[in-house]
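Student: I have a structure to go through. Can we take it by question and answer?
Tutor: Yes. Here it is.

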Amino acid sequence: MQNKNIKKKHLLPLIAILFLISCENKPTIEGLWMVKSVAVGDEENTPNARWTRFNSDLTQESGNGRFQHSYGTWKLNPKTNELSIENTNGLKDLNEPFVVTLNQDQMTWSRTEEGQQLKVTLVRSSQLPETYGDKIMGLWKLEEAIGNGNYFKQSDATKTNDYLLFRWDKRFVIGTQEGKINGVYNVHGHKPEVELIPYGDQVKRDFWKIKYDENSITLKLLNTDSLVTRRFKRIHKFPN
């Protein structure tokens, strides 16, 4: 009898340790998650650099890249694994809650919206992702101009100080020997494309595909039969 009591005394702490370990290893929704893919029916429609963060006080915020555009609360039913998200500054979600499948580093949300199956796959992240708009922001010096377009003439660009500035407030400035062009720009939420919308009627708006390289970008004019490209390198002060 005494031996049995001794064994129980040793067994209880071991059970407690195993219980604590299992609790520590249990995956949690709390933390920063990046949207890896969004599938609606048979089509994929993944937004660029979309993220959401679930806090331990049941608040949440989400955004794209460095821009946070939503905030509110969240609730996860532990019995049904149903996730409800409410955005304080957004529209009321009239759909059923998401059904969540969760492990340590990946999570999926599933539900039906407008008769189609929606599946969102998220991966855990340690930092905010960058959108195409985040990457394009800053000051760029023209290195090469191929083809005739509204912005920058085809010439020996290495001998000019032409530049393009993408500002944080979604405005752009083009500086050339002929003067400056000011306007606003929109970067596509799903594709590496930028729309330049100049002020006034002298120059029409254009759509450009963005190719990113290390410390350089190349803009290729869309909706044209001719090849029109503009290559820039990143600089940190205006050229003289």
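Student: Is Tyr 151 buried or exposed?
Tutor: Keep in mind that this is a predicted model. The relative accessibility of Tyr 151 is 1%. The cut-off for buried is under 20%. So Tyr 151 counts as buried.

Student: And Trp 208: buried or exposed?
Tutor: Its relative accessible area is 1%. Buried means under 20%. Trp 208 is therefore buried.

Student: How many aromatic pairs does a search of the whole structure find?
Tutor: The search covers the whole structure, with rings pairing if their centres lie within 6.5 Å. The count of aromatic pairs is 9.

Student: What is the geometry of the pair Tyr 151 and Trp 208?
Tutor: The ring centres are 6.4 Å apart, and the planes stand at 50°. Under 30 degrees would count as stacked, and over 60 as edge-to-face. An angle of 50° falls in neither class, so the pair is tilted.

Student: How many residues apart are Tyr 151 and Trp 208?
Tutor: Tyr 151 sits in the loop between β10 and β11. Trp 208 belongs to strand β15, residues 206–213. The pair links distant parts of the chain, and the separation is 57 residues.

Student: Which class fits the pair Phe 152 and Phe 232?
Tutor: Centre to centre, the rings are 5.5 Å apart, with 65° between the planes. Over 60 degrees is the relevant cut-off. The pair of Phe 152 and Phe 232 is edge-to-face.

Student: Where in the chain do Phe 152 and Phe 232 lie?
Tutor: Both residues are buried. They are 80 residues apart, so to place them take each in turn. Phe 152 is in the loop between β10 and β11, and Phe 232 is in strand β17.

Student: Which residues line the largest cavity, and what is its volume?
Tutor: The lining consists of Tyr 151, Phe 152, Leu 164, Ile 174, Leu 196, Trp 208, Leu 219, Arg 230 and Phe 232. By class, these are 8 nonpolar, no polar and 1 charged. The volume is about 40 Å³.

Student: How many cavities of 30 Å³ or more are there?
Tutor: The largest cavity holds about 40 Å³. The count at that threshold of 30 Å³ or more is 1 cavity.

Student: What sense do the pairings of β5 with β4 and with β6 have?
Tutor: Strand β4 covers residues 59–64 and is joined to β5, residues 67–77, by 6 bridges. β5 also pairs with β6, residues 82–87, over 6 bridges. The β4–β5 pairing is antiparallel, and the β5–β6 pairing is antiparallel.

Student: Which turn residues in these hairpins have a positive phi?
Tutor: In the β4–β5 hairpin, 2 residues lie between the strands, and the phi in question is about 65°. In the β5–β6 hairpin, 4 residues lie between, and the phi is about 55°. The residues are Gly 65 in the β4–β5 turn and Asn 81 in the β5–β6 turn.

Student: Which charged residue lies over the face of Phe 98?
Tutor: Phe 98 forms one aromatic cluster with Phe 54, Trp 74 and Trp 109. The charged residue is 3.9 Å from the centre of the Phe 98 ring. That residue is Arg 111.

Student: Is Val 99 buried, exposed or partly exposed?
Tutor: Val 99 lies in strand β7, residues 98–102. Its relative accessibility is 39%. Buried needs under 20%, and exposed needs over 50%. Val 99 is therefore partly exposed.

Student: Which strand gives the largest share of the lining of the largest pocket?
Tutor: That pocket has a volume of about 1,000 Å³. It is lined by 36 residues, with Arg 50, Asn 87, Asp 93, Phe 98 and Arg 111 nearest its centre. By class they are 15 nonpolar, 12 polar and 9 charged. The largest share, 5 residues, comes from β6.

Student: Which element gives the most to the lining of the second largest pocket?
Tutor: This pocket has about 360 Å³ of space. Of its 15 lining residues, Asn 64, Phe 67, Thr 131, Gly 133 and Lys 170 are closest to the centre. Two elements, α2 and β13, give two or more residues. With 3 residues, the element that gives the most is β13.

Key. Residues numbered from 1 in each chain as written. Predicted model: local features only at pLDDT ≥ 70, side-chain atom pairs only at ≥ 80, totals over all residues. Heavy atoms only, no water. Pairing = 2+ DSSP bridges. Phe/Tyr/Trp six-rings, centres within 6.5 Å; stacked < 30°, edge-to-face > 60°. Buried < 20%, exposed > 50% of the residue type's maximum accessible area, 1.4 Å probe, protein only. Lys NZ or Arg CZ within 6 Å of the ring centre and 35° of its normal. 1 Å grid on protein atoms, 1.4 Å probe; cavity = no way out; pocket = protein on both sides within 12 Å on 5 of 7 lines; lining within 4 Å. Points joined across faces, edges and corners; volume = space filled by probe spheres on them. Nonpolar A, V, L, I, M, F, W, Y, C, P; charged D, E, K, R; others polar.
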